[in-house]
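Notebook open, structure loaded. I'm jotting down what I look up as I go, strand pairings to begin with.

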Amino acid sequence: MKKLLNVPTHIILIISMIIGASCKKEVAAKTNYDLVISKVNLIDGTGKDLQENVNIYIKDSKIAKIDKVALGSNEQKNVINGEGKYLVPGFFDCHAHTGDYKADFPRFMHYGVTSVLITGGSTCTNDYFRQMRDMGEQDSVPGPRVFHTSQHFIVEGSHPVKTYTGNNWKEGESFFILKDTAQISELVKSVSEYPISGIKLTIEDGPYPPFVERMPQEFVNHVNKEALQNGTRVFAHVSDNHELKMAIDAGIKNLLHYTGVDLDFEKDKELIQSIYNDSISWVTTLMLDKSMMYPKNPEWFDVEGLKEIYPPEEFEKVNNPDYIFRAEEFVKFFQEYYGFDDPTLKQVIGFQVEDFIQLTRNGVNMVLGTDTGNDFILPGYSLHEEMQLLELGGMDPAQIIKMGTLNAAKMLEVEDRLGSIEEGKVADMVLLDANPIESISNTLKINSVFKNGKVQTRIE
Ligand SMILES: [Zn+2]
């Protein structure tokens, strides 16, 4: 302040004139937006209540302004009338695999999934990851933003290389076998040089019997320690309470599955308390359970438009004897273990959703993911099924939307630019013809999908 007082008066005058001029300029540029969505019902992804009659102004791919001021006629050129419609942020699928991204990416976009977290896979070499990122970075061909982990870190004789033998896994390219701690340091360092969201660490001993090797605790600890030292993080793949405890004990903050975990909030108090204290992000993948039941319920595929989006083989699998056998085993497990006579979908996923509600209340960042790439889990469409399963289990629709948008962006550490409809954020959005708060299945009533503020081509 002292300094300013010493400045001659005429200089202060000139400065204030310059400031005044630049303010005027901004007023003149005010009407020059790339796109406006007017009078829309906004569900912004933050968990806030629905806001009616809102205008969204888009400039240079971003949400420049949000207001409720009535638009004068001829004031704007590119206006989409949002009256009677509902605007939500673009959805994230935070557990996805694809062996054919060129075919799958337009399907994600068709269904409003504008960001994906690819969590490795047998095709995921460094070059394949790069090709997916390249497709996700442009907006002339429909493709979601691509976030991805490293290749799978596993131990000799473990999941998924030992269990999914039909896939063409390539050691050193699409997965790495951990042998000793000295080698872990080098490996973590080398994958950290790529634009990964974190390391995919497969602790689990396989999805169902016969179980295979499980990663030793010292390896889990070492990978997490090295990851932090190299400025990255770990996304752990666990599938029972023991493996969950291993991940938490090692200090890992991101979990890619809930399937197989069965928390007892009375008995497992110590473990649950450390989950609450550790700011954990946890991906749901209820679709894995539903996918097991598809061969017994092929009518679930009778959804308008679905069969035009995916190849017929996806639907014909319900007649495959191997999948029918697997479905019967799945039912048997729920009969024997939980005592359900004829387990319904609600019974199979219900106890998991109850846990999600409890975990959410206690600050755990629950995130949507499907594990698409597995049979009967369709890229794009199945994220809506995941949301419907959460609603079936009793989760509130506004919270479900937040799990698929802002919570996902938080887990990926991109919430400063993605995940909600707020001023300054990138305009990835989905315009719906019906209210998803009334019924989450209304997320399928898609009018338009926006990425970078541009309307995306959907599959005809
Ligand atoms: Zn997976």
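**Entry: around strand 15**

I started at Tyr 86, which stands opposite Leu 432 in strand 15. This is a predicted model, so I keep that in mind throughout. The pairing here is antiparallel: strand 5 (residues 86-89) is joined to strand 15 by four bridges. Then I looked for the next partner and found strand 16 (residues 446-451), which also pairs with strand 15 in the antiparallel sense, over four bridges. Leu 432 turns up again there, standing opposite Ile 446 in strand 16.

Which way do the side chains of strand 15 point? I noted Met 429 and Leu 431 on one side, with Val 430 and Leu 432 pointing the other way. All of these are buried.

Just before that strand I checked a loop residue. Glu 413 lies in the loop between helix 16 (406-411) and strand 15 (429-432). Its phi is positive, about 60°, and Glu 413 is not a glycine. I flagged it because most residues other than glycine have a negative phi. Buried or exposed, this Glu 413? I have it down as exposed, because its relative accessible area is 54% and the cut-off is over 50%.

**Entry: a second positive phi**

Thr 285 went on the list as well, with a positive phi of about 50° although it is not a glycine. I placed Thr 285 in the loop between strand 13 (281-283) and helix 9 (287-293). At 0% relative accessibility, Thr 285 counts as buried.

**Entry: the parallel strands**

Next I followed strand 6 (residues 91-96). It pairs with strand 7 (residues 113-118) in the parallel sense, over four bridges. For a marker I used Asp 93, which stands opposite Val 116 in strand 7. Between the two strands the chain passes through helix 3 (residues 101-110), and this β-α-β crossover is right-handed.

How many residues of strand 7 are buried? I get six of its six, so I wrote it down as mostly covered, with buried meaning under 20% relative accessible area.

On to strand 8 (residues 145-155), which runs parallel to strand 7 and is joined to it by four bridges. Leu 117 has Phe 147 in strand 8 as its bridge partner.

From strand 8 I went to strand 10, where three bridges join the two in parallel. Phe 153 stands opposite Leu 201 in strand 10. Strand 10 (residues 198-202) is largely enclosed by the rest of the structure, because five of its five residues are buried.

Last stop in this run was strand 11 (residues 234-237), paired with strand 10 in the parallel sense over four bridges. Ile 199 stands opposite Val 234 in strand 11. The connection from strand 10 to strand 11 goes through helix 6 (residues 217-229), and I logged that β-α-β crossover as right-handed.

**Entry: helix 7 and helix 8**

Two packed helices are described by the angle between their axes and the distance between the axes, so I wanted both values. For helix 7 (residues 241-250) and helix 8 (residues 269-277), the axes come within 11 Å and cross at roughly 45°. That makes helix 7 oblique to helix 8. I also noted the hand: helix 7 passes helix 8 in a left-handed crossing.

I picked out two residues of helix 7. Ala 247 sits in helix 7 and is buried, with a relative accessible area of 0%. Its C-alpha is 9.1 Å from that of Asn 224, with their positions 23 residues apart in sequence. Lys 245 is also in helix 7. At 42% relative accessibility, Lys 245 counts as partly exposed. I have 9.5 Å between the C-alpha atoms of Lys 245 and Ile 272, 27 residues apart along the chain.

**Entry: the zinc ion**

Which protein donors does the zinc ion have? I wrote down His 95 (NE2), His 97 (NE2) and Asp 371 (OD), lying 2.1 to 2.3 Å from the ion. Along the sequence, the spacing of the donor residues reads H-x1-H-x273-D.

I checked the cover on the two histidines. His 95 counts as buried at 0% relative accessibility. His 97 comes out at 18% and still counts as buried, because the cut-off is under 20%.

Conventions. Residues are numbered from 1 along each chain as its sequence is written. This is a predicted model: local features need pLDDT of at least 70, side-chain atom pairs count only at pLDDT 80 or more; totals for chains, interfaces and linings use all residues. Side-chain values use heavy atoms; hydrogens and water are left out. Donors are N, O and S atoms within 2.8 Å of the metal (3.2 Å for Na, K and Ca); water is not among the atoms, so sites may look incomplete. Buried means under 20% relative accessible area, exposed over 50%, partly exposed in between (1.4 Å probe, protein chains only). Two strands pair if DSSP finds at least two bridges between them. A crossover is right-handed if, with the strands pointing away from the viewer, the path from the first strand over the helix to the second runs clockwise. Axes are lines fitted to C-alpha atoms, for helices over the stretch in contact, and angles run from 0 to 180 degrees between N-to-C directions. Angles under 35 degrees count as roughly parallel, over 145 as roughly antiparallel, 65 to 115 as roughly perpendicular and the rest as oblique. A crossing is left-handed if the near helix is turned anticlockwise from the far one by less than a right angle, and right-handed if clockwise.
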